[in-house]
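Work through these exercises with the structure open beside you. Try each task before you read its solution.

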Amino acid sequence: MTAPATIAADTAQELVDTRFTVPGMRCAGCIAKIERGLAEVDGVESARVNFSAKRVAVRHTKSLSEDHLTQALLELGFEAQAAAVNPLAEDDRESKALLRALAVAGFGMMNIMLLSVSIWAGAGGATREMFHWLSGLIALPVIAYAGRPFFSSALMALRYRRTNMDVPISIGVLLATGLSMYETLYGGGHAYFESAVMLLFFLLAGRALDSMMRNKMRAGIGSLLGRMGRSASVFQGDGSLSRIPADELEPGMLMLVASGEALAADGVIEQGSGAIDNAMLTGESAPQTVARDSAVHAGAINLLDPLQVRITAAASDTAIAEIARLMDEAGQSRSRYVRIADRAARLYAPAVHSLSALAFAGWMIAGAGWHQSLVIAIAVLIITCPCAMGLAVPAAQVVASNALIKRGVLVKDGSALERLAEVDTALFDKTGTLTLGEARADVEDLSEAERAIGLALAQQSRHPLSKGLARSLGLAKTAPAVLSDVSEVGGAGVYARCGGVDVALEKPAGAVSAMAVSLRIGDETKLIRFTDQMRADAGDTVSRLGTLGITSAIMSGDRQDAVDEMGRALEIEGQGNMLPAEKLERLYAMKAAGRLPLMVGDGLNDGPALAAAHASIAPGTASDASQQAADAVFLGEKLMPVVDAIRVARRTMVIVRQNFGFAIGYNVLAVPLALAGLVTPLIAAIAMSLSSVVVVANSLRLARAAK
Amino acid sequence: MSGLAILIPIALGMGGLGLAVFFWAMKNGQFDDLDGAANRVLIDDEEDAL
């Protein structure tokens with residue numbers, strides 16, 4: 001233990017850990033670049049990339065700020081965002097606990113099987129008794145450890161006077177163990193230790209698969225308030241500036257927002273003018289011009305000159321926090337959805353329990369004696385225990401979601417797949433969903449030289465239009481020209497010299513629409529227009545949805561005439577000028593009318609609708625909050641993954657139903673045997689593993705069906 | 001019978017050892033970043049020398 005005094009002595013040198021989300025890393029080269037690049041920064045002790053979670057953990061001295069590190073990452077070519085301490089720790093812990101339990105159950109199952117096989121092969125007398133004792137000694141701690149996830153969940157359900165899949169499992173396992181212990185103590189012929197442990201093993205395999213799938217999908221999804229400025233520079237009474245954390249800001253304060261900084265609170269501009277990037281809030285790609293008295297919202301990024309903003313609402317009163325609240329409430333309605341496995345368990349558990357109770361009563365009345373009646377009742381419980389059912393759903397869903405990842409769709413969990421399969425109406429947001437959501441420059445009529453100079457200039461600036469131009473020219477395979485004396489003037493443009501001529505990429509003179517820049521080479525100027533193009537396969541997607549029996553419509557916050565134009569092109573109806581609350585209302589109305597709507601949207605303004613819809617999909621370019629609210633995220637420029645997701649989800653449900661059908665059919669065959677008292681531990685073990693193998697094999701067919 | 005007295009503890013011991021190693025590996029984060037581990041093989045160590 002170090003004395004506190006020595007820690008205080010050099011706080012600046014004290015090492016702290018900070019985690020950053022870096023969505024842009026894609027290959028081994030990125031890992032090497034980030035780790036080596038960060039290690040060269042002064043004050044960084046070490047950097048370690050977690051590629052699966054798209055995260056980098058940096059160990060650095062306290063004097064080095066988060067902003068410095070984000071900047072360092074940006075210079076390496078990666079956009080990064082500081083992450084909360086470890087948002088995935090909770091999920092991670094659950095899946096690790098399941099894996100440990102699975103390992104323990106596997107160990108127990110193998111060893112007990114070894115002993116059981118010799119008993120089945122004919123070992124008798126003292127050897128059998130010893131093997132039963134050994135099996136019991138292994139099984140008791142194994143069941144106590146590996147059974148905990150089921151026992152605790154069953155207890156929880158019973159406490160609320162409900163029943164779930166875990167109740168029959170727990171009762172079956174506990175009764176089988178208890179009876180086997182009794183048999184062992186009194187030298188009986190049959191012990192069911194291996195069946196109890198095997199049951200736990202197969203069920204844990206299903207649970208672990210389910211939980212690992214969820215973790216994989218959630219990794220890399222950032223948190224909502226991360227984007228909002230975490231602190232602001234506020235003018236003090238004497239005119240000096242001081243840094244105040246976002247949750248201590250109060251209405252009436254005057255804050256200075258530097259270029260490139262995100263606003264930490266809502267407010268009105270008091271001094272300065274320029275442009276802000278409001279994509280976080282509205283999903284619109286075009287920068288919004290602002291001047292004195294314009295209202296600005298937290299989360300917006302100041303693109304040009306510093307602005308002085310008088311705060312009107314801070315912390316939980318901001319527009320962004322209001323949307324977060326709406327999303328939270330809307331999400332509640334979805335949590336009422338009951339997953340298919342639990343729906344099955346509601347019917348299944350009472351049936352199984354009454355069946356084995358009946359078996360016990362029946363054999364008692366027939367005069368079999370309580371010991372034999374109990375053995376038969378437990379055999380019924382074990383053989384009907386939903387081994388195949390526990391695997392039926394997760395096995396199919398894991399195969400389906402892996403197949404979907406290959407096609408660029410990340411589905412968050414099994415319940416999302418189930419709901420996606422049920423939708424009958426699709427509602428699309430316009431900007432960023434039906435369109436690409438980024439300004440693409442029209443570079444058709446530019447000459448080769450103009451393109452080269454334009455690209456070189458555009459690469460110098462972080463203005464959205466410059467980035468758009470750089471991307472469009474990059475797609476057209478242009479090589480940048482060599483520039484000298486480059487300077488960027490905020491609010492005006494980028495200026496440089498190229499081959500002895502003055503060149504510039506600047507704001508067009510006169511009143512031209514905001515989505516254009518002018519490229520000046522010497523005395524010649526050329527206007528480059530930007531458009532937000534429709535995704536190339538939007539029309540195909542809508543018609544394919546039609547063949548699946550799903551009607552489409554547009555629901556957008558954009559102007560009505562822009563929405564109408566898009567609607568005509570796609571031959572679907574559309575409604576514009578909708579506020580987040582109105583989108584929400586329309587969804588509720590549809591749900592009340594018995595429809596099951598699918599929402600496809602990207603902006604934060606779509607967030608509440610995404611959370612409220614029966615199922616939702618967001619493009620990978622959507623705001624963090626929307627990605628978090630959506631059930632699935634699709635990557636890339638195509639819209640077709642939406643159709644793939646629904647198609648695969650429906651196919652998955654077909655397989656799940658087949659699996660259920662098989663599990664029930666198997667019970668119909670096995671239960672009479674158990675009721676007749678013919679099920680020995682050997683038959684129970686064979687039946688159980690066989691049914692699990694069949695279910696898993698059937699689920700694997702999905703991998704092919706998804707192609 | 002005397003053979004069993006040796007063989008069974010050996011079988012159990014080996015199984016237990018495997019289990020202990022798995023727990024150790026999990027605690028040490030060996031399974032935290034499987035995709036990363038697959039990619040790290042491709043990183044060229046020579047780059048440092050340049």
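**Exercise 1. Find the bridge partner of A:Val600 in β25(A), then describe the strand around that partner.**

Solution. Step 1: A:Val600 has A:Ile617 as its bridge partner in β25(A). Strands here are DSSP runs of E with at least two residues, helices are runs of H or I with at least four residues, and both are numbered from the N terminus.

Step 2: Look at the two strands. β24 (residues 597–600) and β25 of chain A pair in the parallel sense, over 3 bridges. Two strands count as paired if DSSP finds at least two bridges between them.

Step 3: Check the cover on β25 (residues 615–619) of chain A. Here 5 of its 5 residues are buried. A residue is buried if 20 or more other C-beta atoms lie within 10 Å of its own, exposed if 12 or fewer, and partly exposed in between, with C-beta atoms placed from the backbone.

Step 4: Sort β25(A) by face. A:Ala615, A:Ile617 and A:Pro619 are buried on one side, and A:Ser616 and A:Ala618 are buried on the other. In a regular strand the side chains alternate between the two faces of the sheet.

Before going on, note the ground rules. The model is predicted, so local features need pLDDT of at least 70 and side-chain atom pairs count only at pLDDT 80 or more, while totals for chains, interfaces and linings use all residues. Residues are numbered from 1 along each chain as its sequence is written, and chains are lettered from A and ligands numbered from 1 in the order in which they are written.

**Exercise 2. Give an outline of chain A: its secondary structure, burial and domains.**

Solution. Step 1: Chain A has 24 helices and 26 strands.

Step 2: The chain has 707 residues, and 47% of them count as buried.

Step 3: List the domains, with bounds from an automatic or database domain assignment. They are domain 1 (4–83), domain 2 (90–219 + 336–395 + 656–691), domain 3 (229–317), domain 4 (400–436 + 535–650) and domain 5 (440–531).

Step 4: Place two of them. The C-alpha centres of domain 2 and domain 4 of chain A are 42 Å apart.

**Exercise 3. Trace the pairings of β3(A).**

Solution. Step 1: Start with β1 (residues 15–21) of chain A. This strand runs antiparallel to β3 (residues 55–61) of chain A, and 7 bridges join them. A:Asp17 has A:Arg59 as its bridge partner in β3(A).

Step 2: Turn to β2(A). Here 6 bridges join β2(A) to β3(A), again antiparallel. A:Val44 stands opposite A:His60 in β3(A).

Step 3: Look at the hairpin of β2(A) and β3(A). There are 4 residues between the strands, and A:Lys54 takes a positive phi near 50°.

**Exercise 4. Which residues in the loops after β10(A) and α19(A) have a positive phi although they are not glycine, and are they buried or exposed?**

Solution. Step 1: Recall the background. Most residues other than glycine have a negative phi.

Step 2: A:Asp293 has a positive phi of about 75°. It lies in the loop between β10 and β11 (295–296) of chain A. A:Asp293 counts as exposed, because it has 9 C-beta neighbours inside 10 Å.

Step 3: A:Glu571 has a positive phi of about 60°. It sits in the loop between α19 (560–570) and β23 (574–575) of chain A. A:Glu571 has 11 C-beta neighbours inside 10 Å, so it counts as exposed.

**Exercise 5. Describe chain B and the side of chain A that touches it.**

Solution. Step 1: Chain B has 2 helices and 0 strands. Of its 50 residues, 2% count as buried.

Step 2: Test the length of α1 (residues 2–27) of chain B. The expected span is 1.5 Å times one less than the number of residues. For 26 residues that gives 38 Å, and the end C-alpha atoms are 38 Å apart, so the two agree.

Step 3: Check burial. The number of buried residues in α1(B) is 0, so the helix lies largely in the open.

Step 4: Count the contacts. 18 residues of chain A are in contact with 18 residues of chain B, where contact means C-beta atoms, placed from the backbone, within 7 Å. On the chain A side, α4(A) gives the largest share, 9 residues.

How values were computed. Two residues are in contact if their C-beta atoms, placed from the backbone, lie within 7 Å.
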